[in-house]
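Please open the model in your viewer and keep the sequence panel beside it, since each stop on this tour begins with a selection.

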Amino acid sequence: MKITWESLVPSCCISENPKPKPKQSKLVTKQSSFHRISVSDFSGSEDLSISLAGSNLHIFSVQELKVITQNFSSSNFLGEGGFGPVHKGFIDDKLRPGLQAQPVAVKLLDLDGTQGHREWLTEVIFLGQLRHPHLVKLIGYCCEEEHRLLAYEYMPRGSLENQLFRRYSVSLPWSTRMKIALGAAKGLAFLHEAEKPVIYRDFKASNILLDSEYNAKLSDFGLAKDGPEGDDTHVSTRVMGTQGYAAPEYLMTGHLTAASDVYSFGVVLLELLTGRRSVDKSRPNREQNLADWARPQLKDARKLGRIIDPRLEGLYSEEGVQKAALVAYQCLSHRPKARPDMSTVVKTLETLKDYKDISTMTFVYIAPVDQHKQSPQKELVNKRNTNSHHHTKSPHKRLTPNSPLHNDFHRA
Ligand SMILES: Nc1ncnc2c1ncn2[C@@H]1O[C@H](COP(=O)(O)OP(=O)(O)OP(=O)(O)O)[C@@H](O)[C@H]1O
Ligand SMILES: [Mg+2]
């Protein structure tokens with residue numbers, strides 16, 4: 001059954017003026033002391049703009065967002081996920097005082113899709129209040145009649161998924177991959193170590209966005225949860241997330257902890273190391289789930305050499321790869337308590353960011369045929385596995401309460 005937004009939180013979008021049509025854009029005003037409110041604190045009877053006072057979020061009208069995105073023109077289309085289509089737009093400096101001219105990405109809720117007001121509200125409540133260099137910045141939102149939109153800072157290099165797996169994309173160098181891993185790890189560490197910790201629950205390559213310098217920022221907080229409180233060790237939830245990234249104990253029990261995010265981080269680190277998708281149905285059976293296939297090979301240098309992304313063409317630091325592989329191995333432990341916390345991961349990855357993209361290929365001297373006519377040549381011989389890179393597109397399967405996988409598990 002589809003839950004409509006009206007039945008969930010009917011009046012959260014009401015401002016002081018009950019029926020402004022069209023709603024005039026305004027800025028949620030500042031407040032001197034500001035504590036993060038949770039989705040659960042939000043009864044729905046109050047005005048969202050008042051609850052989020054202090055967040056500096058702009059409230060847009062549908063009409064304004066149409067102007068910003070040139071009527072959601074197809075030439076501005078950036079992509080589409082479970083929430084709905086995303087379009088690039090541009091805010092000019094005349095739109096309103098205090099909002100500087102800038103490019104934005106505008107996400108529009110697909111009213112026929114599987115997500116709805118609940119995900120939109122969760123995103124606004126979390127991202128409206130959390131600010132960090134490694135979290136994408138939410139600039140504002142729109143809640144007009146049944147329409148739900150979100151406006152974010154524009155991330156010129158799109159998602160890590162696009163960069164890593166898009167057909168014809170240029171292969172990311174090793175040092176860039178480590179920079180991305182470190183940035184994303186810092187984003188997760190910030191969430192886990194906040195005064196009121198947050199479990200992100202949807203850490204995956206498509207939710208890591210990249211700016212022009214490959215700084216990674218986490219996006220999509222629609223599934224985020226407040227961490228356990230008091231003596232609780234976990235949060236019990238419906239199993240949601242994305243197949244191939246979700247931690248095994250969470251799939252089995254529905255018990256969610258920060259360690260579940262750490263597992264998902266390990267999967268993304270493996271994607272960066274191997275250039276393979278977390279799930280790839282086009283591969284032989286035993287290779288389809290990346291974590292299951294790769295983990296046993298991470299601690300043996302010889303085996304590790306065989307699973308490293310061939311598109312790196314041997315251009316990486318051997319020691320750097322081994323250290324990163326060890327981090328992935330630990331994050332992917334089936335015992336959640338054995339996984340490192342994200343600040344430990346950050347510390348280890350910090351030591352890897354300065355490793356250069358050194359060639360690990362062997363130089364072979366080839367004697368010229370005619371020594372008088374030709375100068376000696378050097379030829380690069382790649383010792384590594386040269387299997388061609390798979391560009392297969394295998395869209396990830398969302399885990400929802402209705403998915404067969406979900407129904408197979410019992411939860412507390
Ligand atoms: N702030 C942004 N700047 C630039 N591109 C963006 C931004 N936000 C999203 N995109 C692009 O829009 C596309 C869709 O993103 P979206 O987050 O809606 O879906 P997704 O992450 O691919 O799937 P899912 O629904 O499983 O999260 C992505 O390919 C991403 O590259
Ligand atoms: Mg996303």
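Begin by selecting Phe-72, which is buried because its relative accessible area is 17%, where buried means under 20% relative accessible area, exposed over 50% and partly exposed in between, computed with a 1.4 Å probe and protein chains only. Phe-72 sits in the loop between helix H3 (62-68) and S3; helices (H or I, at least four residues) and strands (E, at least two) are DSSP runs, numbered from the N terminus. The phi angle of Phe-72 is near 50°, a positive value in a residue other than glycine. Most residues other than glycine have a negative phi.

Before going further, note that this is a predicted model, in which local features need pLDDT of at least 70 and side-chain atom pairs count only at pLDDT 80 or more, while totals for chains, interfaces and linings use all residues. Residues are numbered from 1 along each chain as its sequence is written, chains are lettered from A and ligands numbered from 1 in the order in which they are written, and side-chain values use heavy atoms, with hydrogens and water left out.

**The whole chain**

Zoom out to the protein chain, which has 13 helices and 17 strands and in which buried residues make up 53% of the 412 residues. Its accessible surface comes to about 20,300 Å², of which 52% belongs to carbon and sulfur atoms; accessible areas come from the Shrake-Rupley method with a 1.4 Å probe, and for residues only the protein chains shown count as cover. Among contacts (heavy atoms within 4.5 Å) with a separation of 6 or more, residues 24 or more positions apart account for 68%.

**Ligand 1 and its shell**

Next select ligand 1 and display the residues near it, a residue being near a molecule or strand if one of its heavy atoms lies within 4 Å of it. There are 21 residues around ligand 1, and the closest are Gly-82, Glu-153, Met-155, Lys-204 and Asp-220. Why does ligand 1 lie between domain 1 (5-153) and domain 2 (160-350)? Ligand 1 lies between them because both domains give residues to its shell; the domain bounds come from an automatic or database domain assignment.

Colour the strands, and you will find that strand S3 (77-80), strand S5 (102-108) and strand S7 (147-153) each supply at least two residues of this shell, with the largest share, 3 residues, coming from S3. By class, the shell has 7 nonpolar, 8 polar and 6 charged residues, where Ala, Val, Leu, Ile, Met, Phe, Trp, Tyr, Cys and Pro count as nonpolar, Asp, Glu, Lys and Arg as charged, and the others, Gly among them, as polar.

Now look at individual atom pairs around the ligand. A nitrogen atom of ligand 1 is 2.9 Å from a polar backbone atom of Glu-153, an oxygen atom of ligand 1 is 3.0 Å from a polar side-chain atom of Ser-206, and an oxygen atom of ligand 1 is 3.3 Å from an N or O atom in the side chain of Asn-162. Of the 610 Å² of accessible area that ligand 1 has on its own, the protein covers 91%.

Stay with Asp-220, which was listed among the closest residues to ligand 1. Asp-220 is placed in the loop between strand S10 (216-218) and strand S11 (225-226), and it has a positive phi of about 70° although it is not a glycine.

**Arg-177 and Leu-272**

Move to Arg-177 in helix H6 (residues 174-192), which counts as buried because its relative accessibility is 1%. Not counting residues up to four places away in sequence, Arg-177 touches Leu-164, Ser-171, Leu-172, Leu-272, Gly-275, Asp-309 and Leu-312.

From there, select Leu-272, which lies in helix H8 (residues 258-274) and is buried, with a relative accessible area of 1%. With the same four-place exclusion, Leu-272 touches Leu-160, Leu-164, Arg-177 and Ala-181. Leu-272 and Ala-181 are 91 residues apart in sequence and 8.0 Å apart in space, C-alpha to C-alpha.

**Two loop residues**

Is Glu-195, in the loop between H6 and strand S8 (198-199), buried or exposed? Glu-195 is exposed, with a relative accessible area of 84%, and its C-alpha is 9.2 Å from that of Arg-36, 159 residues apart in sequence.

Finish at Gln-297, in the loop between helix H9 (290-294) and helix H10 (301-307), which counts as buried at 15% relative accessibility. Gln-297 touches Lys-303, Leu-304 and Ile-307, not counting residues up to four places away in sequence.

Key: A polar contact is a pair of N or O atoms within 3.5 Å; within protein, one must be able to donate a hydrogen and the other to accept it, and residues adjacent in sequence count only if both atoms are side-chain atoms.
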